[in-house]
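User: I would like to go through the side-chain contacts of this protein and hear, for each label, what it rests on.

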Amino acid sequence: MTATTSYRPRRSVLYMPSSNERALEKAKTLPVDALILDLEDAVAPDAKEQARENACAAVRSGEYGRRELTIRVNGIGTRWHEEDLAAAASAGPDAVVVPKVSSAAEVRQLVAALEAAGAPEHTRLWAMVETPVAMLHCEEIAAASERLTVLVMGTNDLAKELHAEHVPGRAPLLTGLGLCLLAARATGTVILDGVFNDVKDADGFAAECLQGRQMGFDGKTLIHPGQVETCNDTFAPSEAQVEEARGILAAWEQGAGAGVVTYNGRMIENLHVDTAQRVLSTHEAIAGL
């Protein structure tokens, strides 16, 4: 994100099973930045049609305030995919989330299907990247269409495909995560970290949020409402970071034309100014929620 790019907070992005009407109702009260109304993994086969109706009704209701509303459809090749995509396009959420996107050709196929189904201009595509082939072609996927604006890491499926174990620090997954981060930044695409599975391990979750922020993710996908607050706090600039950013920008403005600018004994360059502007843009957008 450059200094001139508008920032929409996606610190916390919570999956909600659309077959569970109580969960959909509760979501209206959560301090979450975005919701993924799920028709896929969280929904049993015999509940898929009802979940589809519930998700579309939720999007049309206008009862979710400033929260970004997305619908995750079932994947390409499943028997529910085409009907899910058409229904979601008609409902007009902020985005349609598609699992296991593995190529640029699939992105173009999905965009064409959304447009054919009459999706409004504001309905974007979020692509889940969850397989080794997706990691290796992530830049092509991210650049395939302007309608694709967010990459979502599917870390559980990636671990399965790699025959890897879930361990603290996620060492087996870091290569894939890093490749996707490079692709996101190279193409100007938002990227969200994967889920943390143990909802009772608050310390482990906090550590993984911090790791994701330090790596450069824009936010994290969540599976439980209890994870929202920690996630929001972690992916927002701290008071110290905001204060430093303001100081850097003030020093830069005062030293305009001086050739060399310092702040707290450190030399300041354009790259530090860009970072400071990004921190303040993020802080101001979150403060305005």
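The turns below take up cysteines, salt bridges, a charge over a ring and the nonpolar cores.

Analyst: This is a predicted model, in which local features need pLDDT of at least 70 and side-chain atom pairs count only at pLDDT 80 or more, while totals for chains, interfaces and linings use all residues. Residues are numbered from 1 along each chain as its sequence is written, and side-chain values use heavy atoms, with hydrogens and water left out.

User: Why is Cys-138 said to be in no disulfide?

Analyst: A disulfide is a pair of cysteine sulfur atoms within 2.5 Å, and a search of the whole structure finds 0 of them. For Cys-138 the nearest cysteine sulfur is that of Cys-180, 3.6 Å away, so the pair does not meet the cut-off of 2.5 Å. Cys-209 is likewise in no disulfide, with the sulfur of Cys-231 nearest at 4.3 Å.

User: Is Cys-209 buried or exposed?

Analyst: Buried means under 20% relative accessible area, exposed over 50%, and partly exposed in between, with a 1.4 Å probe and protein chains only. Cys-209 has a relative accessible area of 0% and is therefore buried, and Cys-138, at 2%, counts as buried too.

User: What makes Lys-28 and Glu-63 a salt bridge?

Analyst: The rule asks for a side-chain nitrogen of Lys or Arg within 4 Å of a carboxyl oxygen of Asp or Glu, and in this pair the closest N and O atoms are 2.3 Å apart, so the pair qualifies. Lys-28, at 19%, is buried, whereas Glu-63, at 46%, is partly exposed. By this rule the count comes to 19 salt bridges.

User: How do you know that Glu-208 and Lys-220 are paired?

Analyst: Their closest N and O atoms are 2.9 Å apart, and they form a salt bridge. Glu-208 lies in helix H9 and Lys-220 in strand E8, so the pair ties together parts 12 residues apart in sequence; helices (H or I, at least four residues) and strands (E, at least two) are DSSP runs, numbered from the N terminus. Glu-208, at 10%, is buried, as is Lys-220, at 0%. Both belong to a network of salt bridges with Arg-170 and Asp-193.

User: Why is Lys-48 said to sit over the ring of Trp-80?

Analyst: The label requires NZ of Lys or CZ of Arg within 6 Å of the ring centre and within 35 degrees of the ring normal. The charged end of Lys-48 sits over the ring, 4.8 Å from its centre, so the distance part of the rule is met.

User: Which residues touch the most other members of the largest nonpolar core?

Analyst: A nonpolar core is a set of buried Ala, Val, Leu, Ile, Met, Phe, Trp, Tyr and Cys residues joined through side-chain atoms within 4.5 Å. Among its 63 residues, those touching the most other members include Leu-35, Ile-71 and Ile-141. A second, separate core of 12 residues includes Ala-95 and Leu-192.
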